[in-house]
Structure formats: C-alpha cells, structure tokens
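Me: Please look at the two-chain model below; I would like to go through it with you, one question at a time.

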Amino acid sequence: MGSMASTGSSAILTMFGGDNATSVLYWWQAFGTKPWHQETVGTDLSGFGWPAIAWTGKAAVIAAVDNGGNLYYWWQAVGTKPWHRQHVASGLAPVQPATIAWTGGGGGLVVIAAVDAAGNIQYWWQKVGTAPWNNQRVARAGVKTDPLDPPVVAYNPPAIAATESFVGIVATDSNGNLNYWQQTIGTAPWNQTVVPPAVSGRSYVAPDIASTGDTVVITFVDNSGNLYYVTLESLRFE
Amino acid sequence: MVAAPNGHKPYALPKIASTGSSAIIACVDTDNNINFWEQTNSPPWFKHETVASAVGGSGGVSFPAIAWTGNSVIVAALTGSGDLDFWWQGSGHWHKETVANVG
C-alpha cells in the first residue's frame with residue numbers, strides 16, 4: 001500500500017519532509033473542499049525513508065523506517081489531533097520504505113512489512129487496541145527459492161495488502177523474481193509463490209499490491225519498462 | 001502485460017488500487033508523464049489515460065500514489081523540485097492541485 005489513502009470522505013497523504021527529510025508529514029483534505037491541512041506526525045534527526053499510510057475506518061495509521069533502521073508506527077484516531085507513536089522494531093534496512101495495511105473486520109489487524117538489514121522480509125501485526133507488535137520472518141535471504149537460480153542475496157522492499165481472511169506480501173529479489181507470500185489470518189505459515197521473469201535477461205522490480213475485498217491484485221514492471229498486472233488466479237497458487 | 005513502452009520511455013514505479021469492481025494502476029514513465037489504467041471487461045482489458053504530461057520539468061516526477069475514494073480516482077506524485085501534486089478525476093478530466101512543497 002502506498003503513501004495515499006481515502007477515508008471515504010477525505011484524501012489522506014504522507015511523505016517525509018522538513019530539513020533533510022527529518023519529519024514524517026501528513027496532509028488531509030475533505031473531498032470537494034480546500035485547502036489541504038498539514039500536520040507533523042513525527043520527527044527524527046536521522047531522517048526517514050518513504051512512509052506508508054492506511055485507513056482503518058477509525059484511524060489513520062502510518063509506518064516508516066528511519067536512517068538508523070528503526071521502524072516506527074503512528075496512529076491518529078478520527079476526529080482527534082495527537083499522533084501516537086510506537087517503536088515497532090530495530091535492525092531494518094535504513095530509510096527503505098515500509099508498507100502498511102488494515103485487514104478490516106471487527107477484529108481487525110494492522111499489518112506492516114519491511115526488509116531488514118540482512119535482506120530478509122519481516123512482518124508485524126497488531127490487533128487494534130492492543131500494545132504488542134507480533135513479528136514473523138516471512139522470507140530469509142541466502143536461500144534458494146528457484147532450483148535454477150542462485151540463493152537470494154536479498155529481497156527488495158515489499159508491499160502488503162490484507163483482506164478479512166488473509167494477508168498478502170509481494171517483493172522482488174536479487175534474482176529478479178517476483179515473490180508472493182500469503183498467510184491465512186490466525187495461522188502461522190506463509191505460502192510462497194515465485195514467478196521468474198518470462199524472458200531471459202529480464203528482471204522484475206517495483207511491485208505493488210492492493211486488496212479488492214476478498215482477494216488481491218498485483219502490478220510490477222520489468223527492467224525493460226513493461227508494465228504487468230496479475231491476480232492470485234494468474235499466479236497459479238499451489 | 002498491461003502495456004509495453006511502445007512510443008514511450010519505460011514505465012516505472014507502478015501503484016495499484018481497487019474500485020471494488022476493477023483494478024486501477026498509476027505509474028510514471030521516463031518522459032515524466034503520469035499514466036493511468038483502469039481494468040475493463042473486454043480486450044485490451046485496460047484503458048489508458050494520461051493524467052499529466054512532462055510533470056516536474058527537468059526535475060522529473062516520482063513516487064506516484066493512487067487511491068479510490070468511492071466515487072473517483074485520486075493520484076499523487078512528487079516532483080523533483082519537491083512539489084507534492086495531487087490529481088482527481090471528474091467530468092472526464094484530471095484536475096490538479098499542489099498539496100505542499102516539501103523541499
């Protein structure tokens with residue numbers, strides 16, 4: 001998920017800014033009105049990577065990694081001013097983008113993914129109204145994921161989407177493959193699908209994923225600038 | 001494949017969202033255009049529109065974002081000069097606003 005979302009009545013945006021990108025900023029604008037309203041979400045002298053935003057129905061939630069590799073989470077309840085900060089984890093790849101989503105539903109979860117300093121894909125989830133962040137490693141660098149490829153040196157920053165029944169994460173790797181992982185809510189295992197480039201010499205980059213309510217859709221490009229779209233069905237889950 | 005860069009520079013940084021019934025995609029290309037596709041029910045399966053052309057001048061444009069409001073598509077992107085720009089789709093046109101300059 002990206003740096004913009006809709007609450008249903010307003011557009012909400014986040015981005016780093018300020019001197020040397022040392023702040024995470026937030027803007028909102030009610031549809032059909034002006035101006036844009038700006039707020040400072042958080043400040044860290046080390047600077048931040050690209051922040052991500054989602055809307056839970058009752059709060060705006062933001063995640064970002066600072067230059068020291070710390071992953072932070074902020075939330076602001078609808079109709080209130082303060083931004084509440086939580087330190088989620090350390091040891092992330094500095095200033096790389098994190099990704100955040102909301103599962104929806106009555107027992108909804110906020111879910112975050114990011115790549116750590118060793119090139120692994122890490123995942124955190126938190127039930128609304130609770131404090132701890134629960135962590136899982138989704139994928140480990142240094143492991144072969146395709147018999148024809150060398151071990152993955154590192155994964156690139158992931159994108160995450162969620163439905164009421166599962167969480168999906170997509171990322172490319174150092175072999176140029178597209179990787180998709182899916183976990184059913186309430187279970188532990190991640191099921192991985194690896195999609196090698198269709199043409200020799202190509203590599204996939206910059207994937208993004210979105211929830212359509214009961215499934216997810218994915219887009220990405222290759223190193224020749226071709227744009228792709230896939231669904232779970234076209235990934236041929238096995 | 002949604003689109004090959006025929007007649008364009010390569011596409012980059014695609015972002016995706018859903019309207020509930022179709023997928024919507026925004027991405028930049030290396031001519032600094034912001035492109036938009038909406039999924040359709042018949043070939044070629046995606047309809048293309050140019051949200052804005054030659055955005056950001058020599059500084060270019062990056063970091064596109066896309067969302068569905070429930071009624072329309074909204075797109076945002078950051079120019080090389082630090083403008084955070086926002087477009088919304090209405091009456092068959094894309095309308096631009098500058099949200100802020102983040103330096």
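Me: Is B:Lys96 buried or exposed?

Reply: This is a predicted model, in which local features need pLDDT of at least 70 and side-chain atom pairs count only at pLDDT 80 or more, while totals for chains, interfaces and linings use all residues. Residues are numbered from 1 along each chain as its sequence is written, chains are lettered from A and ligands numbered from 1 in the order in which they are written, and side-chain values use heavy atoms, with hydrogens and water left out. Buried means under 20% relative accessible area, exposed over 50% and partly exposed in between, with a 1.4 Å probe and protein chains only. Because its relative accessible area is 53%, B:Lys96 counts as exposed.

Me: With which residue does B:Lys96 form a salt bridge?

Reply: A salt bridge is taken as a side-chain nitrogen of Lys or Arg within 4 Å of a carboxyl oxygen of Asp or Glu, and here the closest N and O atoms are 3.7 Å apart. B:Lys96 lies in strand S8 of chain B and its partner in strand S7 of chain B, so the pair ties together parts that are 11 residues apart in sequence. The partner has a relative accessibility of 2% and counts as buried; it is B:Asp85.

Me: How many residues apart in sequence are the parts that A:Lys81 and A:Glu39 tie together?

Reply: The side chains of A:Lys81 and A:Glu39 meet in a salt bridge at 3.8 Å, N to O. A:Lys81 is in the loop between strand S7 (71–77) and strand S8 (84–89) of chain A, whereas A:Glu39 belongs to strand S4 (residues 37–43) of chain A, strands being DSSP runs of E with at least two residues, numbered from the N terminus. A:Lys81 is exposed at 60% relative accessibility, while A:Glu39 is buried at 12%. The parts that this pair ties together are 42 residues apart.

Me: Across the interface of chain B and chain A, how many salt bridges does the rule find?

Reply: The contact, meaning heavy atoms within 4.5 Å, takes 37 residues from chain B and 36 residues from chain A. Between them the chains bury about 2700 Å², 73% of it on carbon and sulfur atoms, where buried area is the accessible area (1.4 Å probe) that two parts lose on being put together, summed over both. Across this interface the number of salt bridges found by the rule is 0.

Me: Which strand gives the most to the side of chain B that touches chain A?

Reply: Several strands of chain B each supply at least two residues of that side, among them S2, S3 and strand S5 (61–68). The strand that gives the most contributes 8 residues, and it is S1(B).

Me: Which residue stands opposite B:Ile25 in S3(B)?

Reply: Strand S2 (residues 23–29) of chain B runs antiparallel to strand S3 (residues 34–39) of chain B, and 5 bridges join them, where pairing requires that DSSP finds at least two bridges. The hairpin of these strands has 4 residues between them, and B:Asn32 takes a positive phi near 70 degrees. Opposite B:Ile25 stands B:Trp37.

Me: What is the bridge partner of B:Gln39 in S4(B)?

Reply: S3(B) and strand S4 (residues 46–52) of chain B pair in the antiparallel sense over 6 bridges. They form a hairpin with 6 residues between them, and B:Trp45 in the turn has a positive phi of about 80 degrees. The bridge partner of B:Gln39 is B:Phe46.
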